[in-house]
Amino acid sequence: PLRFTEGSALLYLYRPATLRRDLSDDLARRLLAEAGYDGGSCGRCVATLIRRFRQGADFPHEIGLFLGYPPEDVAGFMTHRGKNCKCVGCWRVYENEDQAQKTFALYRKCTGIYCQQLAKGTNIERLTVAG
């Protein structure tokens, strides 16, 4: 759990190998260091993210790095404070709009397929895929 509020909890589920890969990007490491992360293991980075969530009222902007967003778009969001982006989908895009549009289309397609399967009664364990 990242944060508890009255009657709810915000959960963060992730694949450790994928997170390790994402956080090993040079720009991602720099952004995390600037936000006060010690750059150690992914487990320590997640612990720092939890601490930042519980200390503040807002979402820490670096969360995009933990969600697989391109580091350059996370940096752009932080620099431009959410304004002046090229497009908006699952995140605000500041750099590679063409690639982001392809990713958004893939996510929409996958979401549609998963929603259809859930509506047919397929359980969540069956829909979970390996990394």
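## Where α2 meets α5

Let's start at a helix pair: Leu27, Ala28 and Leu31 of α2 come into contact with Pro71, Glu72, Val74, Ala75 and Met78 of α5. Sorted by class, this contact has seven nonpolar residues, one charged residue and no polar ones. Keep in mind that this is a predicted model.

How are the two helices set against each other? A packed pair of helices is described by the angle between the axes and the distance between them. For α2 and α5, the angle is about 35 degrees, and the axes are 8 Å apart. On helix spacing in general, an α-helix has 3.6 residues a turn, so residues three or four places apart point the same way. With that in mind, look again at Leu27, Ala28 and Leu31 on the α2 side, and at Pro71, Glu72, Val74, Ala75 and Met78 on the α5 side.

## Helix α5 and its neighbours

Helix α5 covers residues 71–80, and its buried residues are Pro71, Asp73, Val74, Ala75 and Gly76. Which elements do these buried residues pack against? They pack against α2 (26–34), α4 (63–66) and β4 (92–93). Pro71, Val74 and Ala75 are thus buried and also take part in the contact with α2.

Asp73 deserves its own look. This residue of α5 counts as buried because its relative accessibility is 3%, under the 20% cut-off. Leaving out residues up to four places away in sequence, Asp73 touches Trp91, Arg92, Val93, Tyr94 and Glu95. Its C-alpha is also 8.9 Å from that of Cys85, a residue 12 positions away in sequence.

## The loop after α5

Just past the end of α5 comes Arg81, with a positive phi of about 55 degrees. That's a positive value in a residue other than glycine. Arg81 sits in the loop between α5 and β3 (87–88). Buried or exposed? Arg81 is exposed, because its relative accessible area of 74% is over the 50% cut-off.

Asn84 is found in the loop between α5 and β3 as well. Its phi is positive too, at about 60 degrees, although Asn84 is not a glycine. With a relative accessibility of 66%, Asn84 counts as exposed.

## Phe66 in α4

Phe66 belongs to helix α4, and it is buried, with a relative accessible area of 5%. What does Phe66 contact, once neighbours within four places in sequence are set aside? The list runs Tyr12, Leu19, Leu23, Leu32, Tyr37, Cys45, Val46 and Leu49.

One of those contacts, Leu49, is 17 residues from Phe66 along the chain, and the two C-alpha atoms are separated by 9.0 Å.

## Two more reference points

Thr103 is part of helix α6, which covers residues 97–119. Thr103 counts as buried, because its relative accessibility of 16% falls under the 20% cut-off. From Thr103 to Ser24 it's 21 Å, C-alpha to C-alpha, with their positions 79 residues apart in sequence.

Gly7 sits in the loop between β1 (3–5) and β2 (8–10). Gly7 is exposed, with a relative accessible area of 86%. Gly7 and Tyr94 are 87 residues apart in sequence, and their C-alpha atoms are 36 Å apart in space. Tyr94, in turn, is one of the residues that Asp73 touches.

## The chain as a whole

Zooming out, how many helices and strands are there? The chain has seven helices and four strands, and along the sequence they follow the pattern β-β-α-α-α-α-α-β-β-α-α. Taken along the principal axes, the C-alpha atoms fill a box of roughly 45 × 35 × 30 Å. Of the 131 residues in the chain, 29% are buried. Among contacts with a separation of 6 or more, 36% are between residues 24 or more positions apart.

As for the surface, the chain exposes about 9,000 Å², and 52% of that comes from carbon and sulfur atoms. On the charge side, there are 19 positive and 14 negative side chains. The centres of these two sets lie 5 Å apart.

How values were computed: Residues numbered from 1 in each chain as written. Predicted model: local features only at pLDDT ≥ 70, side-chain atom pairs only at ≥ 80, totals over all residues. Heavy atoms only, no water. Buried < 20%, exposed > 50% of the residue type's maximum accessible area, 1.4 Å probe, protein only. Helix = DSSP H or I, 4+ residues; strand = E, 2+ residues; numbered from the N terminus. Contact = heavy atoms within 4.5 Å. Areas by Shrake-Rupley, 256 points an atom, 1.4 Å probe, with all protein chains shown as cover. Lys, Arg positive; Asp, Glu negative; His and termini not counted. Charge placed at Lys NZ, Arg CZ, Asp CG, Glu CD. Axes fitted to C-alpha atoms, helices over the stretch in contact; angles between N-to-C directions. Nonpolar A, V, L, I, M, F, W, Y, C, P; charged D, E, K, R; others polar.
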